[in-house]
Amino acid sequence: MTDIQNNILFFQKQLPSDVDLVAVSKTKPNEDILQAYEAGQRIFGENKIQEMSQKQATLPKDIEWHMIGHVQRNKVKYMASYVSLVHGVDSIKLLKEINKQASKHQRTIDCLLQVHIAQESTKFGFDEREMEHVFGEISENNLTNVRVVGLMGMASYTSNMEQVKSEFLVLKKLFDRHKNASSLSVLSMGMSGDYQLAIACGSTMVRVGSLIFGERKPLVQ
Ligand SMILES: *Cc1c(COP(=O)(O)O)cnc(C)c1O
């Protein structure tokens, strides 16, 4: 049993049955992904479309690939044939492009709207005020090849867990406000450092990288 396999088994035991685990494999080699796969993990998250597509081409076809990073509209076409959930939809324009590319493959692609809950301005997403109008705009556009199934958010990068908690609760409140009218079922929040808190705040999907695969090397600029 490898470390990665042990880590997957740990999460399988520890997570409530109604919380899905996205194993975030960005920057990690196919061998690492296969170890997690052999322990039963099927959902993997990547933050670069090109890297995800290279991995998807060679790894087992029953893997569900989640795009968890910021999406450039001109790259949607490279993942439209296979991606199973796009977490980072932060504009109606992007949703329209996903719809267009999905229709070329006769698919319906599930998407999450990213909500800006952190204090850092570097993070992407709709703000709370915009969220009041977004679902209306989506239904006006009659996008038949995308399905908005939930919300995603990233808390501030801070050790202040009270702040992280209050940001998660903002997202949970938005989720509850819209879930019935818009049939939302997925609330993607929580990473290695804050997944337990996220689950306590109502998360249904956690995105965990370093606790499964080990630390990533710092990116060289
Ligand atoms: C990298 C990443 C994660 C996983 O981060 P860890 O701290 O390694 O668990 C989760 N969500 C997003 C959007 C990411 O880019």
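Q: How do you know that the shell around the ligand in this predicted model divides into nonpolar, polar and charged residues?
A: Its residues fall into 6 nonpolar, 3 polar and 3 charged. Val, Ile and Met count as nonpolar, Lys and Arg as charged, and Ser and Gly as polar. The shell includes Val24, Ile68 and Met152, as well as Lys26, Arg207, Ser192 and Gly209.

Q: What makes Lys26 a polar contact of the ligand?
A: An N or O atom in the side chain of Lys26 is 2.7 Å from an oxygen atom of the ligand. The cut-off for such a pair is 3.5 Å, so the pair counts as a polar contact.

Q: How do you know that Ser192 and Gly209 also make polar contacts with the ligand?
A: For Ser192, a side-chain N or O atom is 2.5 Å from a ligand oxygen atom. For Gly209, a backbone N or O atom lies 2.8 Å from a ligand oxygen atom. Both pairs are within 3.5 Å and therefore qualify. Of the 390 Å² of accessible area that the ligand has on its own, the protein covers 90%.

Q: Why is the ligand said to sit in the largest pocket?
A: The space taken by the ligand is the largest pocket. A molecule sits in a pocket if more than half of its atoms lie within 2 Å of the grid points, so this condition is met by the ligand.

Q: What makes up the lining of the largest pocket, which has a volume of about 1200 Å³?
A: The lining consists of 38 residues, and Lys26, Lys123, Met154, Met191 and Arg216 lie nearest the centre of the pocket. Strand 6 (146–153), helix 6 (161–182) and strand 8 (205–208) each give two or more residues. Helix 6 provides the largest share, 3 residues. By class, the lining divides into 14 nonpolar, 15 polar and 9 charged residues.

Notes
Residues are numbered from 1 along each chain as its sequence is written. This is a predicted model: local features need pLDDT of at least 70, side-chain atom pairs count only at pLDDT 80 or more; totals for chains, interfaces and linings use all residues. Side-chain values use heavy atoms; hydrogens and water are left out. A residue is near a molecule or strand if one of its heavy atoms lies within 4 Å of it. A polar contact is a pair of N or O atoms within 3.5 Å; within protein, one must be able to donate a hydrogen and the other to accept it, and residues adjacent in sequence count only if both atoms are side-chain atoms. Accessible areas come from the Shrake-Rupley method with a 1.4 Å probe; for residues, only the protein chains shown count as cover. On a 1 Å grid over the protein atoms alone, a cavity is a set of points where a 1.4 Å probe fits but cannot get out, and a pocket is an open set with protein on both sides within 12 Å along at least five of seven lines; lining residues have an atom within 4 Å of a point. Helices (H or I, at least four residues) and strands (E, at least two) are DSSP runs, numbered from the N terminus.
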